[in-house]
Amino acid sequence: MADRTKKVWIFHTPSGKIRTIWEDREWGFPDGQHNRSKWKQIKEGEEALLVQKKDAGYQIVGEGIIERTEEVISPNPKWNERGSKTEYPLRVYFAEVKRADPPYSLEEIWSDSSGPPERFSIIDAWVRERAELPPQVSSLALLSARITVAALEGKIPPAPLKELLSIFYPQDPKAFEDAVVSVLRLLGFKVIQRGYKESGEETYDFEIQGEDVPIIGDAKFSDNYRPDANERRKIMDYIRRYAGGKKRLKFVIVVKETADVNTLREEASKEGIILSWLSYGEHLLPLLKVVIDEGAEKAREGFIKYLD
């Protein structure tokens, strides 16, 4: 199974000097054994969260994607440095940076149930589980920031910041189902969530209403989903219950990574049901980028094409 962890750097960025990040995409750290050992581990393309101390916790004031690192001797006048040598030789240069406007609490996106530590070193690393997305999404940090801005601008339905961020880090089957439903709603679909919210009878997880062909589906918290005979029977049972006398129906399975549903697809096809599967990271999340760049209607069209 592919490694699905992603190193996310935590940079302390004092407010008096952070403007060099926004203006020059440059940051620097003092030399020292801890800083140097961490700095040497920083790789191109990794994500950095720019944090500042706020009351008893931390707030994220910006996010960026790292381009390169370089050791520099010359001082930076923008940091009010004088003399022939800089106090911050361990430099980091960003390919992209984005202000968090407004800033948000680090606790809101921290995936560890114990919460973030009480303090960080000036440069620290946090390994975030299952946050790797395919290249077409560009960057997890920047996409989440763009979605937040898009919500504020009315390009996508408004939602609390915590809910917007939660779609990137589902940690269990219920959270994954919630995330799938949230993304579909952000695409502009009218979605009824069933799944774990309806106790008792086994049922599908969500229903998309208002389309020419009825669409129902499941969210499977699995890296490589392969339904066995018992699972296929359960799915076909609730598909049949929903279909009733309907001649046309689409059923979609959203998984974390990949799926093998050929046998299930053949069984569904015999009853006139179009069955397909989508990868959450490769297919569904990138449609949010389409919403922002080309509009919700275009994104919905892209989703429907995946089902044909």
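**Close-up 1. Asp223, a buried acidic residue in a loop.** In this predicted model, Asp223 has a relative accessible area of 12%, so the residue is under the 20% cut-off and counts as buried. Look for Asp223 in the loop that runs between strand E9 and strand E10 (224–225). Its side chain has company: Asp223 and Lys256 are joined, side chain to side chain, by a polar contact of 3.5 Å.

**Close-up 2. The open sheet of five strands.** Reading across the sheet, the strand order is E7-E8-E9-E11-E13, and the pairing is mixed. The edges belong to E7 (190–193) and E13 (273–279); each has a single partner strand, so one side of each is left without a neighbour in the sheet. Going from one strand to the next, the twist averages 25°.

**Close-up 3. The E7 edge.** E7 and E8 run antiparallel and are joined by four bridges. Within this pairing, Ile192 stands opposite Glu207 of E8. E7 also has two faces to tell apart: Val191 and Gln193 sit on the covered one, while Lys190 and Ile192 are on the uncovered one.

**Close-up 4. The E13 edge and two helices on the sheet.** Here the pairing is parallel, with seven bridges between E11 (residues 249–255) and E13. To find your way along the two strands, start at Phe251, whose bridge partner in E13 is Leu275. Helix H7 (residues 262–269) packs on the sheet and touches both E11 and E13; the directions of H7 and E13 make an angle of about 155°. Another helix, H5 (residues 173–186), lies across E7, E8 (206–209), E9 (215–220) and E11. H5 runs at about 165° to E7.

**Close-up 5. The largest nonpolar core.** In soluble globular proteins, nonpolar side chains tend to be buried together. In this model, the largest nonpolar core has 28 residues. Val180, Leu184, Leu187, Phe206, Tyr280, Leu284 and Phe303 have the most contacts inside it. At least two core residues come from each of H5, E8, E9, E11, H8 (280–284), H9 (286–294) and H10 (296–307). Which of these elements gives the most to the core? That's H5, with seven residues. Val180 is a handy place to centre the view: leaving aside residues up to four places away in sequence, Val180 touches Phe206, Ala219, Val254, Tyr280 and Leu284. There is also a second, separate core of 19 residues, with Ile239, Ala243, Ile253 and Val255 among them.

**Close-up 6. Helix H9 and the glycine after it.** Buried residues in H9 include Pro286, Leu287 and Leu288, and Val290, Val291 and Ile292 are buried as well. Next comes Gly295, which follows H9 and has a positive phi, near 105°.

**Close-up 7. Trp27 and Trp79, an edge-to-face pair.** The structure holds ten aromatic pairs, one of them formed by Trp27 and Trp79. Their ring centres are 6.0 Å apart with 75° between the planes, making the pair edge-to-face. Trp27 belongs to strand E2 (residues 26–29), and Trp79 to the loop between strand E4 (57–71) and strand E5 (90–105), so the pair ties together parts that are 52 residues apart in sequence. Are the two tryptophans buried or exposed? Trp27 is buried at 4% relative accessibility, and Trp79 is buried too, at 5%.

**Close-up 8. Phe176 and Phe221, a tilted pair, and a ring cluster elsewhere.** With centres 5.8 Å apart and planes at 55°, the rings of Phe176 and Phe221 form a tilted pair. Phe176 comes from helix H5 and Phe221 from the loop between E9 and E10, so the pair ties together parts that are 45 residues apart in sequence. Phe176 is buried, at 1% relative accessibility, whereas Phe221 is partly exposed, at 26%. For more rings, move to Tyr204, Tyr238, Tyr242 and Phe251, which ring pairs link into a cluster.

**Close-up 9. Ser84, an exposed loop residue.** Ser84 is in the loop between E4 and E5. With a relative accessible area of 62%, Ser84 is over the 50% cut-off and so counts as exposed. Not counting residues up to four places away in sequence, Ser84 touches Ile73, Ser74 and Pro75. Ser74 and Ser84 are ten residues apart along the chain, and their C-alpha atoms are separated by 6.4 Å.

Key:
Residues are numbered from 1 along each chain as its sequence is written. This is a predicted model: local features need pLDDT of at least 70, side-chain atom pairs count only at pLDDT 80 or more; totals for chains, interfaces and linings use all residues. Side-chain values use heavy atoms; hydrogens and water are left out. Two strands pair if DSSP finds at least two bridges between them. Axes are lines fitted to C-alpha atoms, for helices over the stretch in contact, and angles run from 0 to 180 degrees between N-to-C directions. Contact means heavy atoms within 4.5 Å. A nonpolar core is a set of buried Ala, Val, Leu, Ile, Met, Phe, Trp, Tyr and Cys residues joined through side-chain atoms within 4.5 Å. Buried means under 20% relative accessible area, exposed over 50%, partly exposed in between (1.4 Å probe, protein chains only). A polar contact is a pair of N or O atoms within 3.5 Å; within protein, one must be able to donate a hydrogen and the other to accept it, and residues adjacent in sequence count only if both atoms are side-chain atoms. Rings of Phe, Tyr and Trp (its six-membered ring) pair if their centres lie within 6.5 Å; planes under 30 degrees apart count as stacked, over 60 as edge-to-face and the rest as tilted.
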